[in-house]
Amino acid sequence: MEPPTQSALQWLRHFPKGHVLACAALAAIVTLALVLAPDDATSTAMSTRALALPSPEQLSPANDTLADDAPFDTPTAAVATASFGPDWHDLTVQSGDTLSALLQSIGVSISDVHRLVTADERLKALTRLRVGDVVRAALNDDGQLVAVEYRLSQLKSLSAEHDGEQWEVTEHERQYDRQIRYAEATITDSLFMSGHRAGMTDNLIMQFANIFAWDVDFALDIREGDTFRVMFEELYVDGEKVGTGNILRAEFLHRGKHLTALRYDADNGQGRYLDDRGNALRRAFIRTPVEFARISSRFNPGRRHPILNTLRAHRGVDYAAPTGTPIRATGDGRVEFVGSKNGYGNTVVIKHGQQYSTLYAHMSRFAGGLRSGQQVRQGQTIGYVGMTGLATGPHLHYEFHVNGSHRDPLTVQLPMAQGISSQERPAFLARAEALKQQMDMHRHAFAFARNEP
Ligand SMILES: [Zn+2]
């Protein structure tokens with residue numbers, strides 16, 4: 001099967017109407033609550049220290065102390081230490097304000113404003129102010145503008161100081177504060193609704209479905225009583241929740257199977273999900289190279305060719321789709337051929353390791369810059385549906401070859417993606433164990449909280 005895409009939200013939302021009543025009745029007996037058990041906000045090194053049940057103070061992120069030292073964290077401190085220094089002004093942008101208007105209101109001349117914004121390319125950001133933005137400006141005893149601070153985004157800010165000769169610009173980038181959260185629910189209707197009641201966002205539910213999509217068909221396979229558990233990150237800035245981070249570990253108890261997944265970030269920063277022993281959860285190939293497409297003809301070795309009107313083996317799958325529909329590489333690999341191939345028209349062949357290759361034909365055009373020898377990633381767009389070569393209408397002709405012979409792409413056994421490498425294994429196993437312990441503690445805390453009156 002394929003990993004869910006945008007359409008997945010629709011099927012996750014979908015559930016039989018009769019389940020509405022059942023769901024209401026079950027709501028009373030199934031408790032789906034989000035256990036908030038803050039842990040050390042660490043993003044890379046995972047803490048394994050013992051986890052106590054959260055106290056009410058711990059539950060409020062507003063009480064967390066934030067270690068970031070971005071200039072906007074401590075405006076009062078800046079003023080306090082400025083008794084012998086410049087005089088700071090916080091200028092809030094109102095509708096219709098410009099930087100000149102703001103700075104002129106504290107006595108800065110137009111020519112000084114001009115000198116500021118032309119001193120450095122990065123200071124151009126000051127000319128694109130939005131209503132509600134705050135520009136901090138400092139004047140010296142002579143009323144000269146000597147420093148400016150401006151927040152570009154949640155995490156980025158800019159400061160500039162005049163050293164008497166010129167403006168020195170510094171960019172500051174801070175990190176999110178990450179809090180680890182845990183949610184658990186037993187499915188009574190759909191994954192989507194149960195997840196929502198457990199306090200999970202759409203984003204988290206989609207992450208969860210994507211992680212296990214290779215093993216579970218979330219549209220058809222979900223059973224009442226299936227249970228999921230997730231440990232994930234929430235992102236904070238200045239004590240305010242601003243979003244959901246990654247799922248760190250997930251468990252799915254599904255029809256008697258206990259599936260687990262944990263996130264592992266490689267040295268290159270790329271994260272992927274593996275089981276506790278380091279096996280990949282995803283397969284080396286996705287089943288379908290076209291999204292939202294309708295299969296118009298199946299693998300059929302004895303079909304009469306519509307144009308040549310001869311009996312020709314049809315050695316692939318045809319996916320009818322509008323001209324221009326993106327075609328994606330079904331696995332990581334190296335482009336072996338890009339060009340025109342007789343009846344195939346515009347064709348791409350990708351080699352995946354020693355045994356496997358895939359072929360995509362009748363393209364209207366190739367993805368920009370695609371060339372032979374190039375590495376492509378699974379899911380990467382390599383071209384667009386068309387009807388070049390011998391084709392009666394726009395469609396993709398897709399072939400899957402194992403050791404040089406054709407296999408039915410719809411039924412061929414797809415190999416698993418590569419698991420953890422032997423060099424990474426020791427670090428991986430240590431992390432897997434730490435995450436498992438941490439999650440177990442959250443789970444026990446959750447069960448304990450649920451059984452309390
Ligand atoms: Zn075909």
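# A tour of buried charges, salt bridges and a surface patch

Start by selecting Glu-233, which is buried because its relative accessible area is 3%, under the 20% that marks a buried residue. The model on screen is a predicted one. Glu-233 belongs to strand β8. Now show Arg-178 as well: its side chain and that of Glu-233 are joined by a polar contact of 3.0 Å.

**Next door in the sequence**

Move on to Glu-234. Is Glu-234 buried or exposed? Its relative accessible area is 5%, so Glu-234 is buried. Add Lys-241 to the selection. Glu-234 and Lys-241 form a salt bridge, with the closest N and O atoms 3.2 Å apart. Lys-241 counts as partly exposed, because its relative accessibility is 42%.

**The salt-bridge network**

Side chains of opposite charge can pair when their charged atoms come close. The count of salt bridges in this model comes to 22.

Select Arg-229 and Glu-184 together. Their side chains meet in a salt bridge, 3.9 Å from N to O. Arg-229 sits in strand β8 (residues 227-237) and Glu-184 in strand β7 (residues 177-186), so this pair ties together parts that are 45 residues apart in sequence. Both Arg-229 and Glu-184 are buried.

Keep Glu-184 selected and add Arg-450. The side chains of Arg-450 and Glu-184 also meet in a salt bridge, at 3.8 Å from N to O. How many residues apart in sequence are the parts that this pair ties together? The answer is 266, because Arg-450 lies in helix α9 (residues 425-451) while Glu-184 lies in strand β7. The two partners can also be compared by their cover. Glu-184 has a relative accessibility of 7% and therefore counts as buried, whereas Arg-450, at 38%, counts as partly exposed.

To see the wider arrangement, extend the selection to Arg-249, Glu-251 and Asp-276. Together with Glu-184, Arg-229 and Arg-450, these residues are linked in a network of salt bridges.

**An enclosed helix**

Clear the selection and pick residues 202-212, which make up helix α8. Why is helix α8 described as largely enclosed by the rest of the structure? Eight of its eleven residues are buried, so the rest of the structure largely encloses it. To find the buried residues of α8, colour Leu-204, Ile-205, Met-206, Gln-207, Phe-208, Ala-209, Ile-211 and Phe-212.

**A histidine with two contacts**

Go next to His-401, found in strand β23 (residues 395-402). His-401 has a relative accessible area of 13% and is therefore buried. Show the side chain of Glu-399, which makes a polar contact of 2.8 Å with the side chain of His-401. Then show His-406: a polar contact of 3.5 Å joins its side chain to that of His-401.

**Out to the surface**

For the last stop, turn to the surface and select Glu-161, Asp-163, Glu-165 and Glu-168. What do these residues form there? They gather in a patch of negative charge. Within this group, pick Glu-165, which lies in the loop between β5 (156-162) and β6 (167-173). Glu-165 counts as exposed, because its relative accessibility is 74%, and exposed here means over 50%.

Definitions and conventions. Residues are numbered from 1 along each chain as its sequence is written. This is a predicted model: local features need pLDDT of at least 70, side-chain atom pairs count only at pLDDT 80 or more; totals for chains, interfaces and linings use all residues. Side-chain values use heavy atoms; hydrogens and water are left out. Patches are made of residues with over 30% relative accessible area and no salt bridge: like charges are joined within 9 Å, nonpolar side chains (Val, Leu, Ile, Met, Phe, Trp, Tyr) within 5 Å. Accessible areas come from the Shrake-Rupley method with a 1.4 Å probe; for residues, only the protein chains shown count as cover. A salt bridge is a side-chain nitrogen of Lys or Arg within 4 Å of a carboxyl oxygen of Asp or Glu. Lys and Arg count as positive and Asp and Glu as negative; His and the chain ends are not counted. The place of a charge is taken as NZ of Lys, CZ of Arg, CG of Asp or CD of Glu. Helices (H or I, at least four residues) and strands (E, at least two) are DSSP runs, numbered from the N terminus. Buried means under 20% relative accessible area, exposed over 50%, partly exposed in between (1.4 Å probe, protein chains only). A polar contact is a pair of N or O atoms within 3.5 Å; within protein, one must be able to donate a hydrogen and the other to accept it, and residues adjacent in sequence count only if both atoms are side-chain atoms.
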